[in-house]
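The exercises below ask you to read a structure step by step, and each task is followed by a worked solution. Please look through the sequence and the structure before you begin.

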Amino acid sequence: MSRLFGRMVVAMMPIMPRFVVRWISRRYVAGVDMESALRVMRKLESQNACFTIDVLGEEITSIEEADYFIEEYERLLKMIVKEKLDANISIKPTAFGLLIDRDKGLANIEKLLREAAKHEIFVRLDMEDHRVTDDTIEVCLAMHEKGLENIGVVLQARLFRTNADIENICSILGPGADFRICKGIYLEPSEIAHTQYKEIVDASNEAIDKMLDGSSYVAIASHDLPVIDHALAALEERKMGPGVDDPRPAAPPPRKGKGEGYEFQMLLGVRGDVRRRLASQGHRTRVYIPYGEQWYEYSMRRLRENPTVAWHVTKAMLMPWTNKR
Ligand code: FDA
């Protein structure tokens, strides 16, 4: 039902006036510029949230376009430092040119990473569709090899390969591995990915356990209670939690701006009630803050990639009590 409804909305999108899309996306996109994002974060700080900030935009078509992202992210790092924000950044490797010119793309990412490292700011490599899974993981490993450790990847539980990726990354980086685990927004083919809700939840929970047992840092990025409740139980089982030093024997001391081995992450505008509950229990909670001029393309692409999102968005508008900001 949710997917069918979503497909109907997606089919109507081309005739939807831009201002309607803007009005809907206001809840999920912090604004067109950094200053708007700052205003949103200032409000959320009072809810004990910290942040990961994303400059909207993905795959570029010419390597010169990467300059925009490098410059904007450099400005963003300066703002984080100047405003003393409890924030790190999320980047998409394809926006830095990885698929156009691999060496240049890597050099672009390294430049930004070095700048972030000066201020002990962590950089998360968002995970895009399966075409770039290997490349994204390789970027992370290559940067660690250069001694840049303020970087970690996202893994998508829906992909069959994820368990093997966790094992591989943990075996190379040891407790230096720092993951964000999410279900994965891209509806990947059934040859390579789970497609049913229950399978995806089970795979998410299995990945969380595996990451925790690998002594890595785990950012649990989900708004779904069966995943969150599983994560809470898994943490308790390992005697991890608010106000407790990470007891896992191989776990490193926490980095600046990070929790004791784990944190919860949610998207701006989604399930604020659950996030606030977790924060009030003392868990570190991070909000993903997207901003940028490409808000329209971003909103449309997300809906097209996964029509169920259209259902969530509509439900949040029509039944606001089911999904508080
Ligand atoms: P599920 O989709 O079942 O949602 C649970 C509930 O949350 C819904 O019932 C609804 O109430 C609410 N909800 C979820 N999404 C909503 C929306 N868009 N609008 C309104 N309500 C919504 N994916 C990826 O492929 N690569 C990545 O790098 C990232 N990065 C990332 C960072 C962070 C911080 C988060 C939270 C998520 C991602 N994702 C991602 C997206 C992720 O893979 C996944 O698609 C969404 O989080 C939705 O999955 P849930 O686990 O929340 O469950």
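**Exercise 1: the chain as a whole**

What percentage of the contacts in the protein chain with a separation of 6 or more is accounted for by residues 24 or more positions apart?

Before the solution, note that this is a predicted model, in which local features need pLDDT of at least 70 and side-chain atom pairs count only at pLDDT 80 or more, while totals for chains, interfaces and linings use all residues. Residues are numbered from 1 along each chain as its sequence is written, and side-chain values use heavy atoms, with hydrogens and water left out.

Step 1. Contact means heavy atoms within 4.5 Å, and residues 24 or more positions apart make up 76% of the contacts in the protein chain with a separation of 6 or more.

Step 2. The secondary structure of the protein chain consists of twelve helices and eight strands, where helices (H or I, at least four residues) and strands (E, at least two) are DSSP runs, numbered from the N terminus.

Step 3. The radius of gyration, taken over C-alpha atoms and compared with a globule rule of 2.2 Å times the number of residues to the power 0.38, is 19 Å for the protein chain, which agrees with the value near 20 Å for a compact globule because the chain has 325 residues.

Step 4. Of these 325 residues, 54% are buried, where buried means under 20% relative accessible area, exposed over 50%, and partly exposed in between (1.4 Å probe, protein chains only).

**Exercise 2: the ligand and its shell**

Describe the surroundings of the ligand, beginning with the nearest residues.

Step 1. There are 25 residues around the ligand, and Met127, Lys183, Gly184, Ser222 and His223 come nearest; a residue is near a molecule if one of its heavy atoms lies within 4 Å of it.

Step 2. Look next for polar contacts, which are pairs of N or O atoms within 3.5 Å; within protein, one must be able to donate a hydrogen and the other to accept it, and residues adjacent in sequence count only if both atoms are side-chain atoms. An oxygen atom of the ligand lies 2.9 Å from a side-chain N or O atom of Gln156, and for the side chain of Ser222 the corresponding distance is 2.7 Å, while for the side chain of His312 it is 3.3 Å.

Step 3. Taken alone, the ligand exposes 930 Å², and the protein buries 88% of that; such areas come from the Shrake-Rupley method with a 1.4 Å probe, and for residues only the protein chains shown count as cover.

Step 4. The elements that give two or more residues to the shell are strand 4 (151-156), strand 5 (178-182), strand 7 (262-267) and helix 12 (308-318).

**Exercise 3: two loop residues with positive phi**

Is Ser215 buried or exposed, and is Lys239 buried or exposed?

Step 1. Ser215 lies in the loop between helix 8 (197-213) and strand 6 (217-221), and Ser215 counts as buried because its relative accessibility is 11%.

Step 2. Lys239 is in the loop between helix 9 and strand 7, and Lys239 is exposed because its relative accessible area is 63%.

Step 3. Phi is near 60° in Ser215 and near 55° in Lys239. Most residues other than glycine have a negative phi.
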